[in-house]
Amino acid sequence: DATGGTVGGQVGYRWQSGQWVFGVEGQGNWADFSGDNVSALFATRNHSKIDSFGLITGQVGYAWNNVLLYVKGGAAVTANSYRVNTVGGALAGVTGDDTRWGGTIGAGLEYAYAPNWSVGVEYNHLFMQDRTYTFTTPGGVLFAADRIRQDVDLVTVRVNYRWGGPVIAKY
């Protein structure tokens with residue numbers, strides 16, 4: 001299990017037809033999601049960290065007055081780092097950074113509180129594939145291999161400025 005914080009931004013385009021709102025969005029975040037566990041077999045502590053993530057999604061929503069409820073889905077990517085420490089804390093082995101691709105689904109609620117401004121809350125689940133990593137000592141000697149699972153449950157608060165244009169979401 002990992003915990004931590006994130007900050008980032010998104011850019012997208014939404015259009016509205018009646019009460020229905022459709023959109024596409026790209027999101028990029030710096031992150032500090034860290035977690036670790038003890039390996040009883042090797043008497044070590046495995047540490048993993050997500051340094052950043054991105055989402056590319058499509059959205060479908062329903063608007064009433066100045067409130068939008070939506071669902072979304074698409075692709076997710078994470079930048080990660082891993083290391084192994086002894087239970088006492090000394091660095092025992094390390095792997096390089098890597099990038100994982102997967103999918104995401106989510107839902108959100110957005111409230112337009114002023115012309116062109118809105119605030120919202122969003123939940124996303126990132127389905128990242130499991131991967132086995134080979135940990136080596138700083139000299140390059142094989143230390144151990146471990147399979148790391150990395151699904152992410154993420155809740156974010158969003159503040160948005162809507163630029164407008166010839167066709168905009170009016171919610």
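What share of the 171 residues in the chain is buried? Hi everyone, let's start there: buried residues make up 37% of the chain. One thing to keep in mind throughout is that this is a predicted model.

Now the overall layout. If you scan the structure for secondary structure, you'll find ten strands and zero helices. Reading from the N terminus, the order is simply β-β-β-β-β-β-β-β-β-β. Among contacts with a separation of 6 or more, 60% join residues 24 or more positions apart. As for the surface, the chain exposes about 9400 Å², and 62% of that comes from carbon and sulfur atoms.

On to charges, which I suspect is the part you'll enjoy. How many salt bridges does a search of the whole structure find? The count is eight, and I'd like to walk you through three pairs. As a reminder, side chains of opposite charge can pair when their charged atoms come close.

The pair to begin with is glutamate 25 and lysine 72, whose closest N and O atoms are 3.2 Å apart. Glutamate 25 belongs to strand β2, residues 20–39, while lysine 72 sits in strand β4, so this bridge ties together parts that are 47 residues apart in sequence. Are these two buried or exposed? Both glutamate 25 and lysine 72 are buried.

Next, please find arginine 158, which forms a salt bridge with glutamate 122 at 3.1 Å between the closest N and O atoms. Here, too, distant parts of the chain are linked: arginine 158 is in strand β10 and glutamate 122 in strand β7, 36 residues apart. Arginine 158 counts as buried because its relative accessibility is 5%, below the 20% cut-off. Glutamate 122 is also buried, with a relative accessible area of 1%.

These two pairs belong together: Glu25, Lys72, Glu122 and Arg158 are linked in a network of salt bridges.

My last pair is arginine 131 with aspartate 98, where the closest N and O atoms are 2.7 Å apart. Arginine 131 is in strand β8, residues 131–136, and aspartate 98 is in strand β6, which puts the partners 33 residues apart. Their exposure is worth a look: arginine 131 is partly exposed at 25% relative accessibility, whereas aspartate 98 is buried at 11%.

While we have glutamate 122 on screen, let me point out one of its contacts. Threonine 156 touches Glu122, along with Thr6, Gly120 and Val121, leaving aside residues up to four places away in sequence. Threonine 156 is found in strand β10, which covers residues 152–161. With a relative accessibility of 10%, threonine 156 counts as buried, because the cut-off is 20%.

Finally, a bit of backbone geometry. Most residues other than glycine have a negative phi. Two asparagines here have positive values. Asparagine 65 has a phi of about 50°, and its place is the loop between β3 (44–64) and β4 (67–86). Asparagine 65 is exposed, as its relative accessible area of 71% is over the 50% cut-off.

The other is asparagine 116, with a positive phi near 70°. Asparagine 116 lies in the loop between β6 (98–114) and β7 (117–128). At 27% relative accessibility, asparagine 116 counts as partly exposed.

That's my tour, so please jump in with anything you'd like to revisit on screen. Thanks for listening!

Definitions and conventions. Residues are numbered from 1 along each chain as its sequence is written. This is a predicted model: local features need pLDDT of at least 70, side-chain atom pairs count only at pLDDT 80 or more; totals for chains, interfaces and linings use all residues. Side-chain values use heavy atoms; hydrogens and water are left out. Helices (H or I, at least four residues) and strands (E, at least two) are DSSP runs, numbered from the N terminus. Buried means under 20% relative accessible area, exposed over 50%, partly exposed in between (1.4 Å probe, protein chains only). Contact means heavy atoms within 4.5 Å. Accessible areas come from the Shrake-Rupley method with a 1.4 Å probe; for residues, only the protein chains shown count as cover. A salt bridge is a side-chain nitrogen of Lys or Arg within 4 Å of a carboxyl oxygen of Asp or Glu.
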